[in-house]
Structure formats: structure tokens, C-alpha cells
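Q: I am new to this structure and would like to get to know one part of it well. Please choose a starting point and take me from there to its surroundings, step by step.

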Amino acid sequence: MVVLRDGRKLIGTLRSFDQFANLVLQDTIERIYVGNCYGDIPRGIFLIRGENVVLLGEIDLDKEERTNLREIPVEEVLVAQREEMEAKQRLEKIR
Amino acid sequence: MLPLSLLHTAAGHPLLVELKNGETFNGHLVNCDNWMNLTLREVIQTSPDGDRFWRLPECYIRGNTIKYLNVPEEIVDMVKEEEIKARQARRGRENGYNNRGRGQNRGRGGQNYRGGGGQRGGGPASGNRA
């Protein structure tokens, strides 16, 4: 799983990299987390410019099976994400 | 295969570029260089909010503004064929140099050429046999 500076979480197979940490991910999905649910969007092949990567790590497939998170359809997770953003913006405005 | 070589292989194919500011560019890759600067043709530019669209016959994107690129699946198959061709070309070249006679090749030797093709983009980080 790769986390980008804009907060996106991309999960895919790392095919190659170079000295700038540019990455090639295959069969990538973008996973959006809201609360204790998540939704996956299939994305195909990504070439990520290294400077946009915050971190990456190998996914432990055994732990993945034991996760407490629910998978929900993409449309629902996008709606939930938008609501979460709007709530945050309202909090920011109040500050 | 190294990321930048994958990009070179993708020339002529449609791809999506997202910039750091969130704008997206959908178009056919004309050319790219070692700094990831790109030229695209028949481009659809979308604003970060996704509400405004422009159509550009061609455009130039500076590499350091890119967040990521999305390339079509077929590129991976093309990459494999390119690697096979490159390996054959390298073997052909090495055989040619070996046949020239030991005396002339003493200075150069085989070792300079063996890693020459593979290390174009990455020195220490070339642990990728993808």
C-alpha cells in the first residue's frame, strides 16, 4: 500500500522503482476509508512520481483477513467521504 | 522494468496524467524525457474540481508538476516484448565485439557493456526484474 501526499491510499503490486522512488504499481486499487468502512476503486497501472509518496508498506495478507473494517460499495463510500469532508470544512470555518 | 523506461514504451498510447494541483490531462503520449517532461496530443484537461473541461490539440507538461500517471494495461505486455528485443540486441552486439579480435578489445572488455543497457536510469536501486 502506498500513501500519497494528497492522502490517497493505493494498493497494488510493486513492479519497479528507481533512484527517485518513482514507482510502478500494477492492478492498483484506490481504497477510500471512512469511519470503519472502506470502498475500492480499480485503477489499473500507476506510474507514481516519487516525490508524491509519503510512505509505502507491504500488506500482511493474514492481517487483512482479520480486519474489523467493512467493505461497502464505491458509491456509498464516495458519498460518505464527501459528507466527512463537508463536516471537516464546517469545523474549520467555526475555528 | 524501470518506471521511466515504461513511460518511453507507452509513447503513442493514451494515458492520464494527474498534476500536483489535481488537474487531469487525458491524451496520447507523444514524447517524454528523463525529467518526466511530457508532450501529449488530443488532450482533455479537467480542473481539480472536475467541473471545467478544456480540449487542447497538444500540450507540454513539466515533469516536476506531475503527481502520477495512469497507463493502459496493454503497456505491460508491450514492455515484456521490448525487454526480449533489447536482450537479443545486446547479445548480438556483444557477439560482434567478441569476434573483432582479442587484441583490440583489451581496453574495453566485456564488462563495460554488460551492465550498460540495464543501468540507464537507476544505479543503486536497480533491484527490479519486473
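**Where the two chains meet**

A: Let's start with a glycine: A:Gly44 is buried, as its relative accessible area of 18% falls under the 20% cut-off. Please keep in mind that this is a predicted model. You will find A:Gly44 in strand β4 of chain A. If you look across from there to A:Leu25, which is 19 residues away along the chain, the two C-alpha atoms are 8.2 Å apart. Setting aside neighbours within four places in sequence, A:Gly44 touches A:Leu25, A:Gln26, A:Asp27 and A:Thr28 in its own chain, and also B:Asn70 and B:Glu73 in chain B. Those last two contacts lead us to the other chain.

Now follow chain A to A:Arg49, which sits in the loop between β4 and β5 (53–56) of chain A. A:Arg49 also counts as buried, at 15% relative accessibility. With neighbours within four places in sequence left out, its contacts are A:Asn22 together with B:Trp35, B:Met36, B:Gly63, B:Asn64, B:Ile66, B:Lys67 and B:Tyr68. Within chain A, the side chain of A:Arg49 forms a salt bridge with that of A:Glu51, at 2.5 Å from N to O. While A:Arg49 is buried, its partner A:Glu51 is partly exposed, with 32% relative accessible area.

Let's step back and view the whole boundary. Chain B brings 27 residues into contact with 22 residues of chain A. The area buried between the chains is about 2,200 Å², and carbon and sulfur atoms give 56% of that area. Three residues, B:Pro3, B:Lys67 and B:Tyr68, supply 26% of what chain B buries against chain A, more than any other three residues. You have met two of them already, since B:Lys67 and B:Tyr68 are among the contacts of A:Arg49.

Charged and polar groups belong to this picture too. In general, side chains of opposite charge can pair when their charged atoms come close. Across the interface of chain B and chain A there are three salt bridges, and 10 residue pairs are in polar contact. On the side of chain B that touches chain A, α1 and β5 of chain B each supply at least two residues. The largest share of that side comes from β5(B), with six residues.

B:Lys67 deserves a closer look. This lysine is buried, with a relative accessible area of 6%. Reaching over to chain A, B:Lys67 forms a salt bridge with A:Asp6, and their closest N and O atoms are 2.6 Å apart. Inside chain B, the side chain of B:Lys67 also meets that of B:Glu18 in a salt bridge, at 3.1 Å from N to O. Because B:Glu18 lies in strand β1 (residues 14–19) of chain B and B:Lys67 in strand β5 of chain B, the pair ties together parts that are 49 residues apart in sequence. B:Glu18 is buried as well, with 7% relative accessible area. Both residues belong to a network of salt bridges that links A:Asp6, A:Arg8, A:Glu30, A:Arg43, B:Glu18 and B:Lys67.

Over all chains, the structure holds 13 salt bridges. One of them pairs A:Asp40 with A:Arg31, with 2.7 Å between the closest N and O atoms. Here, A:Asp40 counts as buried at 15% relative accessibility, and A:Arg31 is buried with a relative accessible area of 10%.

A helix of chain B completes the tour. Helix α2 (residues 74–98) of chain B has 25 residues and reaches 37 Å from its first C-alpha to its last, close to the 36 Å expected at 1.5 Å a residue. In this helix, B:Ile75, B:Val76 and B:Val79 are buried. The buried residues of α2(B) pack against elements of both chains: β3 (23–34) and β4 (37–48) of chain A, plus α1 (3–9) and β5 (66–71) of chain B. That brings us back to β4 of chain A, the strand in which A:Gly44 lies.

One last point concerns the cysteines. Searching the whole structure gives zero disulfides over all chains. For B:Cys59, the closest cysteine sulfur belongs to B:Cys32 and is 14 Å away, which is too far for a bond. B:Cys59 is nevertheless buried, with a relative accessible area of 13%. A:Cys37 is buried too, at 9%.

How values were computed. Residues are numbered from 1 along each chain as its sequence is written. Chains are lettered from A and ligands numbered from 1 in the order in which they are written. This is a predicted model: local features need pLDDT of at least 70, side-chain atom pairs count only at pLDDT 80 or more; totals for chains, interfaces and linings use all residues. Side-chain values use heavy atoms; hydrogens and water are left out. Helices (H or I, at least four residues) and strands (E, at least two) are DSSP runs, numbered from the N terminus. The expected span of a helix is 1.5 Å times one less than its number of residues. Buried means under 20% relative accessible area, exposed over 50%, partly exposed in between (1.4 Å probe, protein chains only). Contact means heavy atoms within 4.5 Å. A disulfide is a pair of cysteine sulfur atoms within 2.5 Å. Buried area is the accessible area (1.4 Å probe) that two parts lose on being put together, summed over both. A salt bridge is a side-chain nitrogen of Lys or Arg within 4 Å of a carboxyl oxygen of Asp or Glu. A polar contact is a pair of N or O atoms within 3.5 Å; within protein, one must be able to donate a hydrogen and the other to accept it, and residues adjacent in sequence count only if both atoms are side-chain atoms.
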